[in-house]
Number of protein chains: 2
Amino acid sequence: MKERNVKFKGKRMGELIFIGMGLYSEKSMREALEIARSADLIYLERYTSIMPGLSIARLRNLLNRDDIVEVKRSDLEENMYKIIDEAQSKQVVILTPGDPFIATTHMAIRIEAEKKGIRTRIIHGVSILTAIPGITGLHAYKFGRTVTITFPNGGRLSETPYDVTKTNLKCNLHTVLLLDIRVEEGRYMTIRDAIGILEELESIRGEGIFSNNRLVIGIARAGSPDYKVRADILCNMKTIDFGSPPHCIVVPAPLHFTEAEALIVLAKAPKEIVMRMVVK
Amino acid sequence: MKERNVKFKGKRMGELIFIGMGLYSEKSMREALEIARSADLIYLERYTSIMPGLSIARLRNLLNRDDIVEVKRSDLEENMYKIIDEAQSKQVVILTPGDPFIATTHMAIRIEAEKKGIRTRIIHGVSILTAIPGITGLHAYKFGRTVTITFPNGGRLSETPYDVTKTNLKCNLHTVLLLDIRVEEGRYMTIRDAIGILEELESIRGEGIFSNNRLVIGIARAGSPDYKVRADILCNMKTIDFGSPPHCIVVPAPLHFTEAEALIVLAKAPKEIVMRMVVK
């Protein structure tokens with residue numbers, strides 16, 4: 001975290017901070033902490049995404065408990081009935097990165113628990129999908145389907161990111177391209193890797209969806225104090241150093257003028273390029 | 001909030017709780033509180049949405065300050081420069097419902113502040129848009145464009161919800177229909193009101209997008225301890241009592257079988273109807 005009040009040549013610098021309070025009440029701002037502190041059992045998974053600033057030691061301290069058990073994928077999938085059985089009589093917490101159900105994987109254990117008559121509850125979390133409109137200034141209601149660019153499987157590239165982006169663009173919708181993360185293998189796709197894949201897809205398909213002059217937005221470490229967002233044409237994106245993961249990419253459709261202005265101010269977008277993309 | 005450990009006939013009932021930790025670090029779980037407590041100036045807006053459980057008295061208590069100023073729309077729009085000027089030298093917090101930038105309205109003051117060289121920061125919040133996949137079990141990456149059903153303007157209905165849903169369905173994407181909220185006028189559209197509008201649009205357009213047997217999902221008070229979610233065909237939806245606002249509607253596209261199962265278990269969807277919607 002940066003310091004609260006920065007001083008510059010003796011003058012105190014100000015700041016304008018927007019805080020989302022969540023959906024229901026002011027309690028949302030501390031609900032997660034209270035529940036995690038008082039639960040009977042607490043599990044932590046960090047294989048569905050990476051939280052770059054997460055420290056288990058600090059988490060233990062924050063929750064004031066030293067019994068946080070880190071689980072593997074198999075504990076919540078093949079072997080899920082152990083935890084489900086515990087939740088028959090105990091309050092069991094599963095901590096996840098981001099929002100628990102943006103990755104679809106945890107729905108299986110929830111549905112199995114519900115089928116056995118166990119009450120389930122969600123303390124919703126902040127997700128990359130709704131952080132992006134705030135980071136970029138793109139309008140939240142103008143996003144189409146989201147897609148993940150995956151590492152080539154046996155040398156074979158999935159063309160799904162191409163098709164999804166093409167369909168979204170045809171409907172004048174922005175596309176979020178999430179980048180493959182394989183925490184267990186320690187592999188994190190960077191924006192540079194992803195642009196290489198998009199260029200390869202373009203050379204296969206040749207329909208101009210990922211041409212060199214396509215405006216794209218790169219975002220690194222959303223939600224962190226040192227997040228980075230830059231908008232530029234695709235062929236320039238590879239030259240930008242985004243630092244450590246996680247990274248993602250947004251492909252904007254034609255822009256409202258307030259979106260164009262936001263991209264210039266917030267993401268250093270080249271003015272002449274974004275202004276040409278504004279729909280009258 | 002319901003009680004932590006419910007006892008039923010002497011037997012302690014368990015619970016399975018999923019907690020999203022946010023994007024960056026375990027600090028996300030208390031970041032909003034710390035910043036709001038220590039800021040120089042703190043403003044609260046509650047005109048972009050309603051948080052049904054929000055109590056100003058409890059908020060003051062939670063943040064341990066009695067100087068929270070509630071602002072009107074004009075304070076953050078026409079008269080935004082007063083707050084921008086304050087942020088030149090002070091740390092100024094604006095508290096908003098949900099996520100600060102899902103409604104597009106606050107981007108203007110942020111961009112104006114940035115243009116004047118003022119640092120801006122976002123503490124992202126939980127949004128209805130990413131709460132919905134968790135509540136319903138629908139896959140997050142299969143949602144298309146979001147649209148708001150607005151109150152008729154001088155008797156005239158906007159057909160945009162019809163067109164957006166039609167396009168999303170054509171692309172096999174789910175649609176979130178947000179319902180108009182006019183906090184200043186004390187008007188909140190209910191699911192029943194909205195279904196009436198969708199039926200009227202259907203009678204105008206006649207393309208079967210909102211026919212009587214269309215499966216729709218109603219959600220009330222997302223994020224609250226007494227949220228309600230029900231899936232049924234459109235003509236039955238009006239008979240369900242969803243209670244107090246805010247409400248929203250989801251129109252699902254063809255379903256993955258795990259989505260169908262989730263709707264049956266979590267939203268009491270009629271089994272035969274959702275199973276017919278499963279894509280093989």
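Below are four short exercises on how chains A and B of this predicted model fit together, each with a worked solution.

Some ground rules: residues count from 1 along each chain as its sequence is written, while chains are lettered from A and ligands numbered from 1 in the order in which they are written. In this predicted model, local features need pLDDT of at least 70 and side-chain atom pairs count only at pLDDT 80 or more, whereas totals for chains, interfaces and linings use all residues; side-chain values use heavy atoms, with hydrogens and water left out.

**Exercise 1. Work out how many residues of each chain are in contact, and what area chain A and chain B bury between them.**

Step 1: Take contact as heavy atoms within 4.5 Å. That puts 105 residues of chain A against 105 residues of chain B.

Step 2: Now the area, meaning the accessible area (1.4 Å probe) that two parts lose on being put together, summed over both. The pair buries about 10100 Å², and carbon and sulfur atoms hold 63% of it.

Step 3: Look for the top contributors. A:L16, A:F18 and A:Y24 supply 9% of what chain A buries against chain B, more than any other three residues.

**Exercise 2. Count the salt bridges and polar contacts across the interface, then say which elements supply chain A's side.**

Step 1: Side chains of opposite charge can pair when their charged atoms come close. The rule here wants a side-chain nitrogen of Lys or Arg within 4 Å of a carboxyl oxygen of Asp or Glu. It finds 8 salt bridges across the interface, and 40 over all chains.

Step 2: Pick an example. A:R58 bridges to B:E26, with the closest N and O atoms 2.5 Å apart.

Step 3: Polar contacts are N or O pairs within 3.5 Å; within protein, one atom must be able to donate a hydrogen and the other to accept it, and residues adjacent in sequence count only if both atoms are side-chain atoms. Between the chains, 52 residue pairs qualify (both at pLDDT 80 or more).

Step 4: Helices (H or I, at least four residues) and strands (E, at least two) are DSSP runs, numbered from the N terminus. Elements giving at least two residues each to chain A's side include β3 (15–20), α1 (28–38) and α2 (56–63). The largest share, 8 residues, comes from α1(A).

**Exercise 3. Trace the sheet that contains β3(A) and find its edge strands.**

Step 1: Two strands pair if DSSP finds at least two bridges between them. The order is β5(B)-β4(B)-β6(B)-β3(A)-β7(B), an open sheet of 5 strands with parallel pairing.

Step 2: The edges are β5 (69–70) and β7 of chain B, each pairing on one side only.

Step 3: Check the links. β3(A) joins β7(B) through 5 bridges, with A:E15 opposite B:R119. β4(B) and β6(B) share 4 bridges, and B:L41 has B:V92 as its partner.

**Exercise 4. What turn and shift lay chain A on chain B?**

Step 1: Superpose by least squares on C-alpha atoms of residues with pLDDT of at least 70 in both copies. A turn of 180° and a shift of 0.0 Å along the axis give an RMSD of 0.0 Å.

Step 2: That is the relation of a two-fold axis. Both copies use the same surface, since 100% of chain A's contact residues recur in chain B.
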